[in-house]
Amino acid sequence: MILRAAELRVRLTDLENRVDAFPDADAATEAFAAIKENLSVLETRIKFLDPDRLYLNFDYVTSWQFNLNAEKQAFEQILGPITSAISHLEHAQRFWEDEQRRWFELQAALPPRITIESVEAAIDAASQTIDSARQIITDNVNRLLSAQIDSIDIQSRIHTLSAIGDRFIDRAPLKYLRQTTPSLFSYAYYQPFNRQIWLELHQGIRRVAWAGNAFLTQGKWVITAQILLMSIITGVIRHNRQTLETHVGEGILARRPIAAGAFIGFFIFIGAFNASPPAWALMIGVIIAVSGAALLGGIENRQWEGQLFYGLAVFVVLTMLFRLITLPMPLFRIFVSVAALIAAVFWFRPTIKRPRSPQVFPNEWVLRIGGILFLAIFISEALGHSFLALYVFESSVVTLYIILFGYVLLVSVRPFLNIIFRSRPIQRIEFLRKNRESIVDRLAPVFNISIAILLVSYLLSAWRVYGRLTDAMQAILSAGFTVKGYTVTMGLVLVALACIYGATLLSLTLQAILIEQVFPKREIKHGVQVSVTRILHYFIILVGLIMALVALGLNLTNITIIGGALGIGIGFGLQSIVNNFVSGLILLFEQSVKVGDYVTIAGQWAQIKSLGPRATIVQTFDQSEIIVPNSDMIVNPVTNWTLSDRRMRIVIPVGVAYGSDVKVVLQILMDCAMVSSKVSRVPEPLVMFRKFGDSALEFELHVWIHDIDERHKVRSALHQDLECRLRDAGITIAFPQRDIHIRKG
């Protein structure tokens, strides 16, 4: 009983620690009150929305639903810990009630005549511990239940608003394309033009949602990032104007640095404002439209192009403004009709006024297609297909800006990377300075692929395939197929390719660092350098392949099984290739031959040029290259003249005429060897009188040289010196002689 009482005290301490970690009920109540206020705002914003004009307010609805989901997520983050805490307290309540009942039973089971002070003290301590625990549980349960009760109303309101939002979203804007409205030339179209239409316009203006303190507080980091990025881009363009003017898209950035900074800085973060108020979205749209028009107008110094692109900017701004104030549909149709007709005239005018010339104007077909498109929009609107006309009109104009955005980014990737790697901090790093072009060439494709995915997401969002940019990107990355339970998505494929490409870049970087900085300081031989870098390359690529397979969802156990099966198949079908590959690894590890070694293969001198995974390439002295399978380098005899060092012995045979002074000849040979600076003194040169030949006294001069590359030069120099010295000494170099005796028959 004494031990049990001590254990209860430990459990009480544990309960107190757990209770301290529970969420604060008062803070939760305050958070619930804030959520209720936000829900009231959302209820007010959706109350006056007309389902029949959803197409004009689809962005408004998606923004409203995004806000609702944010409130729902915040509510669940608060309610979840509270529910978990209440559940834990309920379990604790049952435990302490059971303990209280058990101690009552133990106390009742004691004989009445037995009074042990330690036992009574244990019972009293246990009772106090149980009472304290139950009091802690009761206090915390009451506070948490009070907060949970406040959440019931929030749950009900969120459920109701979610149903309303789903009902609106289910009536997606693309479903409206099949609907028709009265023609502009019909009497039914002009019937709504009465006092009610102006009342609706007035109410729409009053319902405009401006950017409040809550939004500014929540999005301050994104706004700061936009302004900071705009400032950085503008400053970089101004500082490198000459470089950008000659290398980037006809100088489109250099001519308008502020417009370029504003366009890129605000466009790239446009997806971060899915929950922004319409008035804020209008302001961002104005900045993007005007800066984009300034960029487009700066491509060519022609007046009509400036008018064209600024006119498109005006149309974009007016469209967003009319959506903001929920312009009545009849008035909106008039605007779309007039805007499409004016745009068609502006797009057709340059092609009509331009004089005929043998060379086709590069933008002529683009302008004609644009003119035809806007003319078709006007005709569709006039005939009553107003939703289709509005859909094509808005999406086409936004697509033009997306294409401009992509064009600016794509033509700017390489110049901006060059600017970054030419900056002073980067130039201080020797490796980055020497390999700048190579690094830029390998980083540019990564940025181009990322830009392409971003552009496709923008286009899908612009044409209303998806409601938000994030949804479009998620759909692209999740697109894929399933094979026998394995789902392969575009995102997984990109991650796998990134693993392989990243492994390749890492391998090349480490090889460059080793070759340029590490090996020269340690004076490592060239052949060893090649072997180490090649082994490192194989290892990193292997790790990259394994990471790519894991990224695709393949289990390492399955990879092992597949590898075993492939090994059996390879052993039968690709035995020769595998044999050569393994032989190549043996050559790299064993280093019996290295790049730069001089070898004799099949009686022919050659130099090792490269050790590949399948074959070794050797180059003969007549510059012909021989591809030798690696297995032949292992199995067949190969003479390596430079395996341990680059010294070599040269043997020069000399034959002199009979009757020559042998001692003088030996001395001349030794003098020639000792005079030459290319001849090693250790080992010393060796002169030998070999034999009496058929036509000459035959001698040999053995000398050692430090570098095998000097062998031909040393041999030639010794030959010249010997010939000169022997001639000066009156010694004749023998040549074959034959005595012919003719007999008469």
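Are phenylalanine 332 and phenylalanine 335 buried or exposed? Both residues are buried, as the first of the following close-up views of this predicted model shows.

**View A. An aromatic pair within helix α14.** Phenylalanine 332 and phenylalanine 335 form an edge-to-face pair, with 6.0 Å from centre to centre and 80 degrees between the planes. The two residues are three positions apart in helix α14, which spans residues 329-353, and are therefore separated by about one helical turn.

**View B. An aromatic pair between helices α16 and α19.** The ring centres of phenylalanine 405 and tyrosine 458 lie 5.8 Å apart; because their planes stand at 85 degrees, and an angle over 60 counts as edge-to-face, the pair belongs to that class. Phenylalanine 405 is part of helix α16 (residues 386-421), whereas tyrosine 458 is part of helix α19 (residues 436-462). With these positions 53 residues apart, the pair links distant parts of the chain. Phenylalanine 405 has a relative accessibility of 0% and so counts as buried. Tyrosine 458 has a relative accessible area of 6% and is buried because this value is under 20%. Together with Phe263 and Phe267, Phe405 and Tyr458 form one aromatic cluster.

**View C. An open sheet of three strands.** The strands are arranged in the order β8-β10-β9, with antiparallel pairing. Strands β8 (648-656) and β9 (686-692) are the edge strands, each of which pairs on one side only. On average, neighbouring strands of this sheet are turned by 25 degrees against each other, direction ignored. Strands β8 and β10 (residues 697-705) run antiparallel and are joined by nine bridges. Valine 656 has leucine 697, in β10, as its bridge partner.

**View D. Two helices lying across strands of the sheet.** Helix α26, formed by residues 662-675, lies across β8, β9 and β10 and runs at about 20 degrees to β10. Helix α27, formed by residues 711-728, lies across β8 and β10 and runs at about 25 degrees to β8.

**View E. Arginine residues over aromatic rings.** The charged end of arginine 647 is placed over the ring of tryptophan 704, at 5.6 Å from the ring centre. Arginine 711 lies over the face of tyrosine 598, and here the distance to the ring centre is 5.1 Å.

Technical notes. Residues are numbered from 1 along each chain as its sequence is written. This is a predicted model: local features need pLDDT of at least 70, side-chain atom pairs count only at pLDDT 80 or more; totals for chains, interfaces and linings use all residues. Side-chain values use heavy atoms; hydrogens and water are left out. Two strands pair if DSSP finds at least two bridges between them. Helices (H or I, at least four residues) and strands (E, at least two) are DSSP runs, numbered from the N terminus. Axes are lines fitted to C-alpha atoms, for helices over the stretch in contact, and angles run from 0 to 180 degrees between N-to-C directions. Contact means heavy atoms within 4.5 Å. Rings of Phe, Tyr and Trp (its six-membered ring) pair if their centres lie within 6.5 Å; planes under 30 degrees apart count as stacked, over 60 as edge-to-face and the rest as tilted. Buried means under 20% relative accessible area, exposed over 50%, partly exposed in between (1.4 Å probe, protein chains only). A charge sits over a ring if NZ of Lys or CZ of Arg is within 6 Å of the ring centre and within 35 degrees of the ring normal.
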